[in-house]
Amino acid sequence: MNDTLSVLASHFIGVIISSMFYGFTLAQTWRYFRTYPKDRSSMKALVAFLWALDTAQLALVAASIYHYTIVWQGDITISSHVSKTFEASMGITSVMAFLVQLTYAHRIWRLSFGNILVTFFIVLLALAALGSGAAMVVKTVRDPLWDSTHVSNLPASSFYLSSMACDFLIAATQVYLFHKSRTGIGRLGGLITRLTVLVVNVGLITTVDVTLFFILFLVCPHNGAFLVPYILMSHCYLNSFLSV
């Protein structure tokens, strides 16, 4: 019972912080459409779709905590199970991470003038992360008890390692390409330097979040502390994408 209450407390904290992050997402999305009105229609559609997914993810985790605290109040048996709405939010998180990583892969392919090798490895790692995320969802659906989340760490470990490797490769490749494009210390050189610093800082957002999720998942899986960074993951990916 204590573990279930700890999980619900972590879930609740995650929803609160997620709501705050969603405010940044709204500001970033509004800023994008206001600053780049002549951007390609496909990119505008992608940003709008990602924002819709992020909105759905927040709505699902909020609905999940509503069920636990209002609809199922006092029912420890039901509360010890992962809700269907939270399982759906897990799927959205994996899809959002994949789409952002895939968009970065396309951007790097263009910046590198068609470097197939680097682009291939980024796409491969993104697919591995998507598959691991799907495996996490399937495992949760088959065994929806919160206490069972620690039984098999393979899907979570695979998700972490592939996501970390993909994000690191994306950030390192962009830094290399920006540095290679730097021609001097004039205005263009200063712009490239600022872009490099921005890419590194933005890459740290997702890296820190995924790493924190993995550490908490391995160290204290019973109290659900890993839910906080996991719930925030989709916001981190979308905000990192909109920042560059």
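**Note on a predicted all-helix model**

1. Glu-87 is buried, with a relative accessible area of 6%, where buried stands for under 20% relative accessible area, exposed for over 50%, and partly exposed for what lies in between (1.4 Å probe, protein chains only). Its partner in a salt bridge is Lys-84, with the closest N and O atoms 3.8 Å apart; a salt bridge is defined here as a side-chain nitrogen of Lys or Arg within 4 Å of a carboxyl oxygen of Asp or Glu. Lys-84, by contrast, is exposed, because its relative accessible area is 60%. The two residues are separated by about one helical turn, because they stand three residues apart in helix H4. The structure holds one salt bridge.

2. Before going further, please keep in mind that this is a predicted model, in which local features need pLDDT of at least 70 and side-chain atom pairs count only at pLDDT 80 or more, while totals for chains, interfaces and linings use all residues. Residues are numbered from 1 along each chain as its sequence is written, and side-chain values use heavy atoms, with hydrogens and water left out.

3. On confidence, the mean pLDDT of the protein is 82, and 85% of its residues reach 70 or more; pLDDT is the predictor's confidence in each residue, on a scale from 0 to 100. Confidence is highest in H2, at a mean of 92, and lowest in H7, at 66. Over residues 185–189 the pLDDT is below 50, and this stretch has three contacts in the model beyond near neighbours in sequence. Where pLDDT is low, the predicted coordinates should not be read in detail.

4. As for the overall fold, the protein has eight helices and zero strands, so named because helices (H or I, at least four residues) and strands (E, at least two) are DSSP runs, numbered from the N terminus. Of the 244 residues, 45% count as buried. Among the contacts with a separation of 6 or more, 78% come from residues 24 or more positions apart, a contact being heavy atoms within 4.5 Å.

5. Which residues have the most contacts inside the largest nonpolar core? They are Phe-86, Phe-213 and Phe-241, in a core of 54 residues, where a nonpolar core is a set of buried Ala, Val, Leu, Ile, Met, Phe, Trp, Tyr and Cys residues joined through side-chain atoms within 4.5 Å. At least two residues of this core are supplied by each of helix H1 (2–35), helix H2 (41–71), helix H4 (84–111), H5, helix H6 (154–181), helix H7 (187–219) and helix H8 (227–243). H4 gives the most to this core, with 11 residues. Leaving out residues up to four places away in sequence, Phe-86 touches His-11, Val-61, Ser-64, Trp-146, Leu-227, Tyr-230 and Ile-231.

6. Two polar residues of helix H1 deserve a look, namely Ser-10 and Gln-28. Ser-10 is buried, because its relative accessible area is 10%, and, its neighbours within four places in sequence set aside, Ser-10 is in contact with Asn-223, Gly-224, Ala-225 and Val-228. Gln-28 also counts as buried, at 16% relative accessibility, and touches Asn-239, Leu-242 and Ser-243, again not counting residues up to four places away in sequence.

7. Phe-217 has its place in helix H7 and counts as buried, because its relative accessibility is 6%. From C-alpha to C-alpha, Phe-217 and Leu-227 are 8.4 Å apart in space, and they are 10 residues apart in sequence.

8. Is Phe-113, a residue of the loop between H4 and H5, buried or exposed? Phe-113 is exposed, because its relative accessible area is 77%. Although Phe-113 is not a glycine, it has a positive phi of about 55°.

9. On the surface, Trp-109, Ile-116, Leu-117, Phe-120, Phe-121 and Leu-124 make a nonpolar patch of about 660 Å². Patches are made of residues with over 30% relative accessible area and no salt bridge, like charges being joined within 9 Å and nonpolar side chains (Val, Leu, Ile, Met, Phe, Trp, Tyr) within 5 Å. Helix H5 (residues 116–142) gives the largest share of the patch, five residues. One of the patch residues, Ile-116, counts as exposed because its relative accessibility is 65%. For the protein as a whole, about 12,200 Å² is exposed, with 72% of it supplied by carbon and sulfur atoms; accessible areas come from the Shrake-Rupley method with a 1.4 Å probe, and for residues only the protein chains shown count as cover.
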